[in-house]
Amino acid sequence: MRILMATMGLDIGGAETHIVELSKQLRAQGHDVAIASNGGIYVPEIEAAGIRHYCVPMHRRDLRCMLRARSLLRKVLRQEQPDVVHAHARIPAFLCATLWRRLRFPFVTTAHWVFENRGLVRYLTNWGQRTIAVSQDIKEYLIQEYNLPEGRISVTVNGIDTQKFSPDLPRDGVLAELGLNPDRPVLCHVSRMDQDRALVAGQLVELAPELDRAVPGVQLVLVGGGELLEELQAQADQVNRALGRPCVVLTGPRADINRIVAAGDLFVGVSRAALEAMAAAKPVILAGNEGCQGLFTPEQLAPAQAGNFCCRGFPLPTPQRLLDEVRAALALEPARREQLGAYGRQVILKQYSVHRMAQDCLEVYEKVRQRRYRVVMSGYYGFSNAGDDAILQSICQGIAAASDQVDITVLSNAPGLTQRMCQVQAEPRFRAWRVFQALRRCDVLLSGGGSLLQDRTSTRSLMYYLTVMGAARLLGRPVVLYANGIGPLRKPGNRRRVKRAVERAALVTLRDRSSQQELRAMGVKREDLYVTADPVFNLAPAPAQRGRELLAQAGLPTDRAFAAVSVRAWPGVEGFSQALAGVCDHLRRAHGLEVLFLLMQPDRDRPAAQAVRQAMREPSWLLDTPCVPQELMAVLGQAKLCLAMRLHTLIFAARMAVPCVGLVYDPKVDSYLRELGMPAAGHVEDFDGSAAADCVDRLMADYDATLARLRDRSEQLAQSARENERLLLELLERRDRA
């Protein structure tokens, strides 16, 4: 493979050493490796290993510097023509991503650390097609903070070259070079001397006089460069003058860390530097800017691995704690120190070899190099509508679960929001050139899901979706109508247009039988109209605990059952709010249910919900906390009953096995209630509150049987929904073979 690594720089640092060792190992296995970075102390080492280096200043957020780096990186990519681009750190990954859109190279990133995730900095983050995390806790961080799908993240190790870091290396040469006494104990520490990394280095310099009293003649070797180096050097000089000997030696950045570590008797530090010291069979005190775990022993292995040997979750180091740890470690019998060192090396040999790290990366490279299908999704996305957001997320997750060979680009009203929510590429849906470019690069246009082909809201909306479909056909790209709800279509011209579009589509899947019937009524003759189900039936909810937290935020009493109510604004429904208020009062009086209003599209639903609440005589509650679809599902999962206008509130309830009653404003609601086997309380345009209350009473009287039927039907629809992905993949594979 031709592999291009992109990183900020190649000076001393754990991530930098990781990249150097990985690149050298890949080169040793026969791969052609190049590195683009701002340069640094490791450049001669990688060039000696046969790895090309390109100087690209990807180390600063300065706009002018980033634009220059992007231009240089583009030239490198065109010259190298890599099979895989592997970016490390935020700025290199962001710059690679801006070029990936056009050049479409296989693109991998590695997360070496957790870092700031607020404000504009978040928009500099791109995790590529697949992401490698250097520990399990970083993987969990990526899932939690960036909503990365778990299946897109692989975990590797900070691989160590156990021949380079070995207990067999001599120590006398380095000690002589640094002017140290080989007969007195040597403590080593390696880190960047920056504000966010040098806590332990500063404390060791501060402690040096006390350490000398506790362990006479002790010598400290601190390795690394950074913004605090001069300040620490001045403090060390003062200590050395006071003691009358070289007690604290700051070497600055060095590439021969293996020789430094070999010269020591004890190592203090974290992360990769600690693993390197373990490979050299040195006893290690784990302490750094994120915590202090203490002397590494067999009992400490599991918690050390949980934090990637960075002490995350442990108390921060203090001078007294460090003094106690160092004094106790150096007081151990030589045989015990040797035993701890040997154990550490065995851990590295078994679990942290550079060979394993390279193999982990090669497996990820192969996944992104496989033939990937490019799908463009067109729908009502990016409008902060929980129902359509749920459709989008469930389609993306369903396709990802079915195949890792599909790249998705979404046409969205809010591309940034869509990218963060679903971790897919997104383009602005109203920027004609960007839409055209996305269609030109794709293998198939996926139109859906939802009720896109209808003219009840407007003909303009219908024409938008038909125009996108027409553009795809002009470019020779097949169109898939994916889990669509069809209609209502009242204008004859619109019915003819939709009929023509459906007959020309490469694949048509429909979310309900009434949509199939509507197409037959239009004169659509094709036999392959697949009735599946709404993709949301396979969307996983947030944890139940999150649902309870949101209910508490809404102020809902914790000891009372409740009914969830979802309404939306709709023209021509005078008197509906007052009639529905009576039904909600009835729920509380007759059935003891508190009433909680949910907002599926807050800006549009809030006024309608408030109108009903104001007309009620009984108290009610409103969940006005911004929620993602999975959180709304978790809330609904706690409910006894759901009363809703919004189609996807009903689908969420069915997905969570909560009996529901529909308030019909559109044929799609009535149609899906029939699919679910759930009752309708009437049409909102001629709503009868008494009849609706009777409908609720009948359901509650037959509650257990209704719940059992709904559970069975929900599972059937979940299985049917999975047919959408299967049929799509069959189409892609069939076209690929053609």
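Ala281 sits in the loop that joins helix 10 (271-279) to strand 12. In this predicted model, Ala281 has a phi near 65°, which is positive in a residue other than glycine. Most residues other than glycine have a negative phi, and most peptide bonds are trans. With a relative accessibility of 22%, Ala281 counts as partly exposed.

Another alanine makes a good companion to look at. Ala89 is not a glycine either, yet its phi is positive, at about 90°. You will find Ala89 in the loop between strand 4 (84-88) and helix 4 (90-103). Its relative accessibility is 28%, so Ala89 counts as partly exposed.

Two peptide bonds also deserve a visit, and the table lists them.

| Peptide bond | Form | Omega |
|---|---|---|
| Gly448 to Gly449 | cis | near -5° |
| Gly487 to Pro488 | cis | near 0° |

Gly449 belongs to strand 17 (residues 444-453), whereas Pro488 is in the loop between strand 18 (479-486) and helix 19.

**The whole protein**

Now step back for a wider view. The protein contains 28 helices and 26 strands. Along the principal axes, its C-alpha atoms fill a box of roughly 95 × 60 × 40 Å. Of the 738 residues in the protein, 58% are buried. The exposed surface comes to about 29500 Å², and carbon and sulfur atoms supply 49% of it. Among contacts with a separation of 6 or more, 70% join residues 24 or more positions apart.

**A sheet with mixed pairing**

Strand 12, which follows the loop of Ala281, is part of an open sheet of six strands with the order 10-9-8-11-12-13 and mixed pairing. Strand 10 (248-252) and strand 13 (291-295) stand at the edges; each has a single partner strand, so one side of each has no neighbour in the sheet. On average, neighbouring strands here are turned by 20° against each other, direction ignored.

Within this sheet, strand 11 (residues 266-269) and strand 12 (residues 284-288) pair in the parallel sense over three bridges. Gly269 has Leu286 of strand 12 as its bridge partner. Helix 7 (residues 199-214) packs on the sheet and touches strand 8 (186-190), strand 9 (219-223), strand 10, strand 11 and strand 12. The direction of helix 7 makes about 165° with that of strand 9.

**A sheet with parallel pairing**

Further along the chain there is an open sheet of six strands with the order 23-22-21-24-25-26, and its pairing is parallel. Its edges are strand 23 (621-622) and strand 26 (680-683), each with a single partner strand, so one side of each is left without a neighbour in the sheet. Strand 22 (residues 594-597) pairs with strand 23 in the parallel sense over two bridges, and Leu596 has Trp621 of strand 23 as its bridge partner. Helix 26 (residues 667-676) packs on this sheet, where it touches strand 25 (660-664) and strand 26. The direction of helix 26 makes about 160° with that of strand 25.

Where does Phe562 lie? Phe562 is in strand 21 (residues 562-566). With a relative accessible area of 3%, Phe562 is buried. Leaving aside residues up to four places away in sequence, Phe562 touches several residues, including Leu551, Leu556, Leu593, Leu596 and Val635. Leu596 is also the bridge partner of Trp621. Between Phe562 and Ala505 there are 45 Å in space, C-alpha to C-alpha, and 57 residues in sequence.

**Two helices that cross**

Helix 19 (residues 492-504) packs against helix 20 (residues 513-522) at an angle of about 110°, with axes 10 Å apart. The two helices are therefore roughly perpendicular to each other. Helix 19 brings Arg495, Val498, Lys499 and Val502 to the contact, while helix 20 brings Glu518, Leu519, Ala521 and Met522. Five of these residues are nonpolar, none is polar and three are charged.

**The start of the chain**

A last stop is strand 1 (residues 2-6), which is mostly covered, with four of its five residues buried. Strand 1 pairs with strand 2 (residues 32-37) in the parallel sense over five bridges. Ile3 has Val33 of strand 2 as its bridge partner.

Conventions: Residues numbered from 1 in each chain as written. Predicted model: local features only at pLDDT ≥ 70, side-chain atom pairs only at ≥ 80, totals over all residues. Heavy atoms only, no water. Pairing = 2+ DSSP bridges. Contact = heavy atoms within 4.5 Å. Axes fitted to C-alpha atoms, helices over the stretch in contact; angles between N-to-C directions. Parallel < 35°, antiparallel > 145°, perpendicular 65-115°, else oblique. Nonpolar A, V, L, I, M, F, W, Y, C, P; charged D, E, K, R; others polar. Buried < 20%, exposed > 50% of the residue type's maximum accessible area, 1.4 Å probe, protein only. Areas by Shrake-Rupley, 256 points an atom, 1.4 Å probe, with all protein chains shown as cover.
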